[in-house]
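Me: I am new to this structure and would like to go through it in short steps. Could we begin with the term needed for the charged pairs?
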Amino acid sequence: MTHKPQPIDRPFWTPGVLVMLALMIGAALTLIVRYTYGLAAVTNLNNHYPWGIWIGLDVASGVALAAGGFTTAFLAHILGRHYYEAVTRPALLTAALGYTFVALAVFFDIGRSWAIWKPVVYQNHTSALFEVAMCVMAYVTVLWIEFIPVLAERLGGKIRLLAFLDRILDKTMWVFIILGVVLSCMHQSSLGTLMVIAPTKTSPLWATPLQPLLFLTSAFAVGYPMVIVETTIATSSLRLESEMNVLTPLSRITILLLGVYLAIKVGDLVSRGAYATLLDGSAQSNAFLVEVGLGVILPWVMLLFPAVRRSRRWLFTAALLIVSGVMLNRFNVFVVSFKAPYANHPYYPAIGEILVTAGAVATIFFLYRLIVTWFPVLSAQRQEVSR
Amino acid sequence: MTISRRGFLGAVGIAGAASTMPGTAQAWQSKAPPDPYGCLVDLTRCVGCRKCEQACKEVNDLPEPAVKFDDLTVLDAKRRPDQNTFTVINRYYTGRIDERDKLVPTFVKVQCMHCQDPACVSACITGALTKKDNGAVHYDVNKCIGCRYCMAACPFEIPAYEYDRPILPRVRKCTFCFERISKEGGKPGCASICPVEAITFGRRSELLTLARGRIEGDPGKYIDHIYGEREVGGTSWLYISNVEFGKVGFQKLPTRPMPQTTETIQSSLFSYLWSPLALFGVLGAVMGATSRKHDADTHDKEDGHDA
Ligand code: SF4
Ligand code: SF4
Ligand code: SF4
């Protein structure tokens, strides 16, 4: 490799970091209210709408957007395309942070947070949620294990245990890498199974038994765009080299992956005849059109042009569209699509729900920034040095 | 790049085949108890006295109602069962008139249907909800984590939640008076109090016969439909009526049990963990092959320059 991952020597306390801190404090205050007066005090959840944005946005799209971790691991480590190793570490870090926050969002959302361990003991094997929970628990562990070598590189000299674990992992890492990909395929698809149990309470646009396959293929498709987005944000905000030499080839693979997802999605819609309601102007139909039109078809067409793939700005735009499209898809499946048969009002997230979500996102950015500052994660060189 | 493409297609293919392959699993089987108890509600008999609501509160130790039981104006509010109320009576005017041209109301009791193959039971992450042999869908608070997937899954929108309790909230719904009907000769609180025998408690098979008898005995009066006989694969609570069910708050639901699709997907994918194990094997083989190839390459040449 031409570039070795290394810590970033940039001042840590920037205005951006302070904004993140403010959002984190807002979320923390909301959570104090949540644990004093109950979910009713800070959310709009009720007996008609048991799940809101903490599940539909934080958990569902959080899991999807962490797909960069297992898709890059697959490419670089399993297929042996070592060329892509430059992006595996940041993708791994995002995945580890992403999943840690998925777990936290679940923790805050469930009524009995302290009982979160119970599915390990009381198992219901017919429940798709049970399977998601087990895989996510296992995968968070695997991700942080995969991260140990990064920690060891910096702290191995001081903390003997880390150096020791690092030596063991040298020989056994392949098991965790494969396990990570397998666990990801399992729960990415099972997340799609969740709402299949309620076909009468979901819009026909999304109520399909193929939902697990759609979730899996869209997770494959969003992995590299997510890497493109986060690498571009990190390298431009930290003023590092753009790494386009790695991102451009990733975007070519994305054409294929996104195409597969699009084909299955359209095929499913046509074969079920669900497209009939597509132009009825309802919120559901519009959300679907935006999801597929702006989130899948437009960026897919954009990526077909080599000029887009080579331009930092256009590639970022296309990747951001794909990422937003998959986020919107998860939100649509869990929130927009949900029809409560006896509700008088639709669900809108409460301020408290938005505060906690924003705070969780800010915490991810904050920790990302903290970790790339102290640990060897990013490979890109400082612009001034290399240009 | 050709190699990585093929590898990816392979993985997508395996995953895709896995999520659509039904052949490896046995056909889905209902887990419904063979001869559960049930209740038959005859909407033509109910007079809307709210005695069943009151009895339910008493036998289940529920808090006092928001509106006093002798206040019948509440009947028009289209209430739903909630965390403090396991059953409610709603009043509907469907345009039916009596001989003196006065509108005739229809009263509808709402509570958990105690489905034969309940979506809530299949969905519950910990198995806190179970379908008992006597027909009751039973909730065990000691296993519940409060994820509320049961609520999202229930087609009748029945389970309610104590959103106002910060640490120890419970899922709340009609218990079918599990303790009472487990005793010899025991009846649910609501069924035993009804002054006009609008609620009949008994074996589901016998209730179906009874319902069919009433419909056939007075075909001019009853709609030819036992609600709950086939809806979502059958429910322990059954209804017969003299007005269209759709006009008095009942949904038109498929006859397919709600958990059938998801349970088929889950078991064809994960029985004996065959698909994860197979995927692990394939990926291991690919990784082994590529790392051998990598080692064999004496010079570490750069690949992937093809964009
Ligand atoms: S009505 Fe709902 S809560 Fe009651 S058994 Fe059926 S699925 Fe479960
Ligand atoms: S809220 Fe409780 S009863 Fe309902 S699915 Fe979750 S664990 Fe099961
Ligand atoms: S069966 Fe028992 S819990 Fe259910 S509505 Fe009747 S009295 Fe209430």
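Reply: A salt bridge is a side-chain nitrogen of Lys or Arg within 4 Å of a carboxyl oxygen of Asp or Glu. This is a predicted model, in which local features need pLDDT of at least 70 and side-chain atom pairs count only at pLDDT 80 or more, while totals for chains, interfaces and linings use all residues. Residues are numbered from 1 along each chain as its sequence is written, chains are lettered from A and ligands numbered from 1 in the order in which they are written, and side-chain values use heavy atoms, with hydrogens and water left out.

Me: How many salt bridges are there between chain B and chain A?
Reply: The count between these two chains is 1. A:D109 pairs with B:R148, and their closest N and O atoms are 2.8 Å apart.

Me: And what area is buried between the chains?
Reply: About 7000 Å² is buried between chain B and chain A, and carbon and sulfur atoms give 66% of it. Buried area here is the accessible area (1.4 Å probe) that two parts lose on being put together, summed over both. In terms of contact (heavy atoms within 4.5 Å), 81 residues of chain B meet 83 residues of chain A.

Me: Back to charges: how many salt bridges over all chains?
Reply: The count comes to 14 over all chains. One of them joins B:K31 to B:E263, with 3.0 Å between the closest N and O atoms. B:K31 lies in the loop between α1 and β1 of chain B and B:E263 in helix α8, so the pair ties together parts that are 232 residues apart in sequence. Helices (H or I, at least four residues) and strands (E, at least two) are DSSP runs, numbered from the N terminus.

Me: Are those two residues buried or exposed?
Reply: B:K31 is exposed at 55% relative accessible area, whereas B:E263 is buried at 8%. Buried means under 20% relative accessible area, exposed over 50%, and partly exposed in between (1.4 Å probe, protein chains only).

Me: New topic. What is the strand order in the open sheet of chain B?
Reply: The order of its 3 strands is β8-β1-β9, with mixed pairing. Two strands pair if DSSP finds at least two bridges between them. Strands β1 and β8 of chain B run antiparallel and are joined by 5 bridges, and B:G38 has B:G202 as its bridge partner in β8(B).
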